[in-house]
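Open the model in your viewer and follow the selections in order. Each stop says what to select and what is there.

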Amino acid sequence: MADETLRVVTLHRTSLGQYEVHNARGGTMTIGVGDGADFTPVELLLAALGGCTGADVDFITSKRAEPDSFTVHVTADKVRDETGGNRLINLAVELRATFPEGAAGDAAREMLPRAARMSHDRLCTVSRTIELGTPVDTRTGHAPAD
C-alpha cells in the first residue's frame, strides 16, 4: 500500500444481500444478511473486535508460555434505539485461556489481565474505534467499468 495508514476492503455483490469481500493482500471471503452460513456484517464486527483483542493478548502472553487453550467469546445485544436506528449495546469480550503448569505458565496467567487491559486501553484498533466513536462518511459513486 502506498499510504501505510490506509486500510481497504472492497465488496462485490454476488446476489441480493450476498457479497464477496476482497482485501489488498488477495484475501477473499463472502458475507450475507443471515440467510445462510455466511457471516453477517454484525458478526464480522464482533469477530473483528474479538480477533483484534485476542491477537493482542495472544502475542503478549505467548511470549511467556504457549497456551494449552485460547478462546475469545464476544457478545452484544442488537437493539433499536430511541432514534429508531439499529445498534449494538452490551459489547463484551471474554478471554478464556489456559496455560501449562510451571513458571512460564504462571507468568502467562499473571500477564493475562494486564494484556487484556493493554489491548483495550491502547492496542486494539477495533475496540478503540468503537469506544471513541469515529464518524463514518457514507457516499455514493459510479461503479467502475469492467
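Select strand E4 (69–80) and strand E5 (residues 86–98) in this predicted model. E4 and E5 pair in the antiparallel sense, over 11 bridges. To find one point where the strands face each other, pick His73, which stands opposite Glu94 in E5. Then go to the turn: the hairpin of E4 and E5 has five residues between the strands, and Gly84 takes a positive phi near 90°.

Stay with Glu94 and show its side chain. Which residue forms a salt bridge with Glu94? The partner is Arg96, and the closest N and O atoms of the pair are 3.2 Å apart. Glu94 has a relative accessible area of 38%, so it counts as partly exposed. Arg96 also counts as partly exposed, because its relative accessibility is 40%.

Next, select Leu91, which has its place in strand E5. Add Leu45 and Ile130 to the selection: with Leu91 they make a nonpolar surface patch of about 210 Å². Is Leu91 buried, exposed or partly exposed? Leu91 counts as partly exposed, because its relative accessibility is 35%.

Move to the strands at lower residue numbers. Select strand E1 (residues 9–15) and strand E2 (residues 18–23). E1 and E2 run antiparallel and are joined by six bridges. His12 has Glu20 in E2 as its bridge partner. In the hairpin of E1 and E2 there are two residues between the strands, and Gly17 takes a positive phi near 75°.

Keep E2 on display and add strand E3 (residues 28–31). E2 and E3 pair in the antiparallel sense over four bridges. Glu20, the bridge partner of His12, stands opposite Thr30 in E3. Select Val21 as well; it stands opposite Met29 in E3. The hairpin formed by E2 and E3 has four residues between the strands, and in the turn Gly26 has a positive phi of about 95°.

Now select helix H2 (residues 103–123) and show the side chains of Asp106 and Arg109. These two residues lie three residues apart in H2, about one turn of the helix. Their side chains meet in a salt bridge, at 2.5 Å from N to O. Asp106 counts as partly exposed because its relative accessibility is 42%, and Arg109 is partly exposed with a relative accessible area of 32%.

Go on to Asp137 and Arg139. What do these two residues form? They form a salt bridge, with the closest N and O atoms 3.6 Å apart. Asp137 has a relative accessible area of 57%, so it is exposed. Arg139 is exposed as well, with a relative accessible area of 68%. The structure holds four salt bridges; among them are Asp137 with Arg139, Asp106 with Arg109, and Arg96 with Glu94.

For the last stop, select Lys63, Arg64, Arg114, Arg117 and Arg122 and show the surface. What do these residues make there? They gather in a patch of positive charge. Where does Arg64 lie? Arg64 is in the loop between helix H1 (41–62) and strand E4, the strand where the tour began. Arg64 has a relative accessible area of 34%, so it is partly exposed.

Conventions
Residues numbered from 1 in each chain as written. Predicted model: local features only at pLDDT ≥ 70, side-chain atom pairs only at ≥ 80, totals over all residues. Heavy atoms only, no water. Patch = residues over 30% accessible without salt bridge, like charges linked within 9 Å, V, L, I, M, F, W, Y side chains within 5 Å. Areas by Shrake-Rupley, 256 points an atom, 1.4 Å probe, with all protein chains shown as cover. Lys, Arg positive; Asp, Glu negative; His and termini not counted. Charge placed at Lys NZ, Arg CZ, Asp CG, Glu CD. Buried < 20%, exposed > 50% of the residue type's maximum accessible area, 1.4 Å probe, protein only. Pairing = 2+ DSSP bridges.
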